[in-house]
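Visitor: Could you walk me through this one, and tell me where each label comes from?
Guide: Sure, have a look first.

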Amino acid sequence: MPSMAEFEEEISRSMKKIKEGDILSGTVIGVSDTEVMLDLGSYTEGIIRLEQLSNDPRFSIKADIAVGDVIKAMVLREDDGQGNILLSKKQADDILAWDKLKELLEAKEVVSVKLQSAVNSGMIAYLEGIRAFVPASQLSLSYVEDLESWVGKTIDVIVITVDEDKKRLVLSARELLWQREQEEKQQRLNSLQKGLVTTGVIEKIAPYGCFVNIGEGLTGLVHISQICGKRIQSPNEVVKLGEEVKVKIVDVKDGKISLSIKAVEEREEVVEEIEKAPVEYHSEGEASTGLASLLAGIKLN
């Protein structure tokens with residue numbers, strides 16, 4: 001059962017004078033093809049006509065509004081001629097939305113939007129009921145040529161511009177994708193182990209060395225001194241663009257990867273020498289060299 005304090009609060013609310021411009025909260029008690037009726041907890045009900053429900057062209061009164069929903073709406077007229085309060089959800093949304101959008105901008109909060117249509121140099125979406133623009137340059141990390149192919153897609157974005165006076169709202173997926181890419185790259189960097197030998201492709205040659213792409217979006221530098229065992233004047237003497245090479249991870253520091261081709265080659269040479277070494281094994285588990293075998297039969301007095 002409601003407490004006395006709750007009864008008093010309800011009575012106080014029902015007696016409160018309502019005036020134009022107030023933003024009220026009410027519960028949907030009826031939905032027709034042309035209007036929505038709200039219980040305002042007051043002496044009368046509120047009516048929101050279809051044209052005052054939403055700015056979003058996707059809006060459907062039957063699909064998007066249901067009995068029991070709680071809606072905020074602004075008072076347009078205290079009496080519609082039938083004893084009801086005439087309200088506008090659209091105008092209330094507009095006032096409340098810009099405040100919410102400013103909060104999203106400040107917090108850099110990630111939100112999902114559905115791209116509605118393609119326009120010159122970008123896409124149109126709706127966020128908090130407000131028309132938003134997503135520039136083509138902010139849709140992806142790479143250049144987007146066919147904007148029409150993006151219509152209907154739902155993407156994650158952050159708010160990058162909010163100008164209530166000019167009714168300008170700009171969103172970006174690119175900045176979010178770049179942030180995620182950097183986080184994933186850092187995770188991959190953290191997983192790299194010094195001493196690991198891997199294969200990569202030379203993607204750039206500079207006077208001081210060459211850059212090798214080792215996959216997963218990671219590129220490291222092979223300094224000129226680490227390209228080969230001999231002294232060279234230019235990396236071009238030994239390597240070429242697009243060449244596949246084996247590299248050893250020498251160091252990972254401050255987001256930079258140091259690689260060595262020379263270290264891999266030197267290691268392989270050592271392995272070859274060890275494999276060629278003449279070592280014999282006897283059944284007793286002892287090893288002897290060829291010289292030891294020759295001396296085995298000699299008797300000393």
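Guide: What follows is a chat about the barrels, the hairpins, the empty spaces and a few loop residues.

Guide: Some ground rules: the model is predicted, local features need pLDDT of at least 70, side-chain atom pairs count only at pLDDT 80 or more, and totals for chains, interfaces and linings use all residues. Residues are numbered from 1 along each chain as its sequence is written, and side-chain values use heavy atoms, with hydrogens and water left out.

Visitor: What makes Asn236 exposed?
Guide: Exposed stands for over 50% relative accessible area, buried for under 20%, and partly exposed for what lies in between, with a 1.4 Å probe and protein chains only. Asn236 has 53%, so Asn236 is exposed. You'll find Asn236 in the loop between strand 14 (218–223) and strand 15 (244–253). The C-alpha atoms of Asn236 and Ala206 are 8.8 Å apart, with their positions 30 residues apart along the chain.

Visitor: And Lys167, why does that one count as partly exposed?
Guide: Lys167 has a relative accessibility of 48%, so Lys167 counts as partly exposed. Lys167 sits in the loop between strand 10 (154–163) and strand 11 (168–172). Its phi is near 55°, a positive value in a residue other than glycine.

Visitor: Glu216: why is that residue called exposed?
Guide: The relative accessibility of Glu216 is 60%, so the label is exposed. Glu216 also has a positive phi, about 60°, although it is not a glycine. Its loop runs between strand 13 (209–215) and strand 14.

Visitor: How do you know that strand 8 and strand 9 pair?
Guide: Strands are DSSP runs of E with at least two residues, helices are runs of H or I with at least four, and both are numbered from the N terminus. Two strands pair if DSSP finds at least two bridges between them. Strand 8 (residues 122–127) and strand 9 (residues 130–135) are joined by 6 bridges and run antiparallel. One example is Ile124, whose bridge partner in strand 9 is Phe133. The hairpin of these two strands has 2 residues between them, and Glu128 takes a positive phi near 55° there.

Visitor: Which strands make up the barrel with the order 12-13-14-16-15, and how do they pair?
Guide: Those 5 strands close into a barrel, and the pairing is mixed. Neighbouring strands of this sheet are turned by 50° against each other on average, direction ignored; axes here are lines fitted to C-alpha atoms, for helices over the stretch in contact, and angles run from 0 to 180 degrees between N-to-C directions. Strand 14 and strand 16 run parallel, with 2 bridges, and Val222 has Leu259 of strand 16 as its bridge partner. Strand 15 pairs antiparallel with strand 16 (residues 256–260) over 5 bridges, where Ile249 is partnered by Leu259. These two form a hairpin with 2 residues between them, and Asp254 in the turn has a positive phi of about 55°. Strand 12 (residues 197–206) joins strand 15 by 5 bridges, antiparallel, and Thr199 stands opposite Lys246.

Visitor: What is the strand order in the other closed barrel?
Guide: That one has 5 strands in the order 1-2-3-5-4, with mixed pairing, and the twist averages 55° from one strand to the next. Strand 2 (residues 35–39) and strand 3 (residues 45–49) run antiparallel with 5 bridges, and Leu38 stands opposite Gly46 of strand 3.

Visitor: What makes a space a cavity rather than a pocket?
Guide: On a 1 Å grid over the protein atoms alone, a cavity is a set of points where a 1.4 Å probe fits but cannot get out, while a pocket is an open set with protein on both sides within 12 Å along at least five of seven lines; lining residues have an atom within 4 Å of a point. Points are joined across faces, edges and corners, and the volume is the space filled by probe spheres set on them. A search of the whole structure finds 1 cavity of 30 Å³ or more. The largest cavity is about 30 Å³ in volume, and its lining includes Ser54, Asp93 and Glu128.

Visitor: What is the volume of the largest pocket?
Guide: About 280 Å³. Of its 14 lining residues, the closest to its centre are Ser54, Lys89, Asp93, Glu128 and Gly129. Helix 3 gives the largest share of the lining, 5 residues.
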